[in-house]
Amino acid sequence: MPENPSATLPGTVEKIIKPIVPSEPEKAQIAVEGADHLYKEIRIENTLTDEYGEKVQLKPGAEVKVTVEAEPDATMPKDEKAQKASA
């Protein structure tokens, strides 16, 4: 089965954000390299699963990979000519 279209960018965990409400999850703020300046930080729940199925969490300063994946029917061919003409 072919893989879905995807892009992977490097990132760094900038900080861990403790929840204000104890019932809310802790968040990891990740700076994504290559993203626009105003949109480079994302926040995700700081719970991952390791290769043994155990729950783990990210540390500040950790180097990570951020992957965006889409179903094939959610994508279309990139028109290189139109993009160059508008530049």
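I17 touches E26, K27, Q29 and R43, leaving aside residues up to four places away in sequence. In this predicted model, I17 belongs to strand β1, which covers residues 6-17. The C-alpha atoms of I17 and Q29 are separated by 7.3 Å, although the two residues lie 12 apart along the chain. I17 has a relative accessibility of 21% and therefore counts as partly exposed, given that buried means under 20%.

Two of the residues touched by I17, namely Q29 and R43, also face each other across a strand pair. Q29 stands opposite R43, which is in β3. Strand β2 spans residues 27-32 and is joined to β3 by five bridges, the two strands running antiparallel. In general, the strands of a sheet pair through backbone hydrogen bonds, in either a parallel or an antiparallel manner.

These strands are part of an open sheet of four strands with antiparallel pairing, in the order β3-β2-β1-β6. Its edges are β3, residues 41-45, and β6, residues 63-69, each of which pairs on one side only. From one strand to the next, the twist averages 45°.

E26, another residue touched by I17, takes part in a salt bridge. Its side chain meets that of K18, with 2.7 Å from N to O. The pair qualifies because a salt bridge requires a side-chain nitrogen of Lys or Arg within 4 Å of a carboxyl oxygen of Asp or Glu. The structure holds one salt bridge. Its two partners fall into opposite classes of accessibility: E26 counts as buried at 15%, whereas K18 counts as exposed at 60%. The cut-offs behind these labels are under 20% for buried and over 50% for exposed.

The protein as a whole contains one helix and six strands. Along the sequence the elements follow the pattern β-β-β-β-β-β-α, so the helix comes after the strands. The radius of gyration is 17 Å, whereas a compact globule of 87 residues would have a value near 12 Å. Taken along the principal axes, the C-alpha atoms fill a box of roughly 50 × 35 × 25 Å.

Burial and contacts can be given for the whole chain as well. Of the 87 residues, 14% count as buried. The protein exposes about 7400 Å², of which carbon and sulfur atoms supply 55%. Among contacts with a separation of 6 or more, 43% are between residues 24 or more positions apart.

Methods: Residues are numbered from 1 along each chain as its sequence is written. This is a predicted model: local features need pLDDT of at least 70, side-chain atom pairs count only at pLDDT 80 or more; totals for chains, interfaces and linings use all residues. Side-chain values use heavy atoms; hydrogens and water are left out. Two strands pair if DSSP finds at least two bridges between them. Axes are lines fitted to C-alpha atoms, for helices over the stretch in contact, and angles run from 0 to 180 degrees between N-to-C directions. Buried means under 20% relative accessible area, exposed over 50%, partly exposed in between (1.4 Å probe, protein chains only). Contact means heavy atoms within 4.5 Å. The radius of gyration is taken over C-alpha atoms; the globule rule is 2.2 Å times the number of residues to the power 0.38. Accessible areas come from the Shrake-Rupley method with a 1.4 Å probe; for residues, only the protein chains shown count as cover.
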